[in-house]
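Trainee: I should like to understand how the descriptive terms applied to this structure are justified. May we examine them one by one?

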Amino acid sequence: MQKLANWQNKTNRSNIVATEPYYTGVVAALEGIKQLKRQLKIAEEEQEILNKEG
């Protein structure tokens with residue numbers, strides 16, 4: 001089973017021809033993942049600060 005990063009790399013190199021709706025869905029999912037990672041990082045930093053204060 002290929003990892004998402006492998007699929008991304010192949011898509012970026014145009015080795016895979018994707019249909020427009022599928023590609024749009026993948027891009028939207030990747031943007032959602034980026035946003036969630038940013039939110040997680042902020043939450044972890046907030047938790048660290050609260051643990052230091054407590």
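Mentor: Let us begin with a definition: a residue is buried under 20% relative accessible area, exposed over 50%, and partly exposed in between. Please bear in mind that this is a predicted model.

Trainee: Why is Ile33 called partly exposed?

Mentor: The relative accessible area of Ile33 is 35%. Partly exposed covers what lies between under 20% and over 50%, so Ile33, at 35%, is partly exposed. Ile33 is located in helix H2, which spans residues 20–53.

Trainee: What makes Leu4 partly exposed, and where does Leu4 lie?

Mentor: Leu4 has a relative accessibility of 45%. That value falls between the two cut-offs, and Leu4 therefore counts as partly exposed. Leu4 belongs to helix H1, residues 4–12.

Trainee: With which residues is Leu4 in contact, leaving aside neighbours within four places in sequence?

Mentor: Contact requires heavy atoms within 4.5 Å. Beyond those neighbours, Leu4 is in contact with Leu30 and Ile33. In sequence, Leu4 and Leu30 are 26 residues apart, while their C-alpha atoms are 9.6 Å apart in space.

Trainee: Which residues form a nonpolar patch on the surface with Leu4?

Mentor: Trp7 and Ile33 form the patch together with Leu4, and the accessible area of the three is about 280 Å². A patch residue needs over 30% relative accessible area; Leu4 has 45% and Ile33 has 35%.

Trainee: How do you know that Glu31 forms a salt bridge with Lys34?

Mentor: The rule asks for a side-chain nitrogen of Lys or Arg within 4 Å of a carboxyl oxygen of Asp or Glu. For Glu31 and Lys34, the closest N and O atoms are 3.7 Å apart, so the pair satisfies the rule. The two residues are three residues apart in helix H2, which means a separation of about one helical turn. Glu31, at 41%, is partly exposed, and Lys34, at 47%, is also partly exposed.

Trainee: How many salt bridges does this rule give?

Mentor: The count comes to two. Glu48 forms a salt bridge with Lys52, with closest N and O atoms 3.3 Å apart. Both residues lie in helix H2, four residues apart, or about one turn of the helix.

Trainee: Why is Lys52 called exposed, whereas Glu48 is called partly exposed?

Mentor: Lys52 has a relative accessibility of 67%, and exposed means over 50%; Lys52 therefore counts as exposed. Glu48 has 44%, which lies between the cut-offs, so Glu48 is partly exposed.

Conventions: Residues are numbered from 1 along each chain as its sequence is written. This is a predicted model: local features need pLDDT of at least 70, side-chain atom pairs count only at pLDDT 80 or more; totals for chains, interfaces and linings use all residues. Side-chain values use heavy atoms; hydrogens and water are left out. Patches are made of residues with over 30% relative accessible area and no salt bridge: like charges are joined within 9 Å, nonpolar side chains (Val, Leu, Ile, Met, Phe, Trp, Tyr) within 5 Å. Accessible areas come from the Shrake-Rupley method with a 1.4 Å probe; for residues, only the protein chains shown count as cover. Buried means under 20% relative accessible area, exposed over 50%, partly exposed in between (1.4 Å probe, protein chains only).
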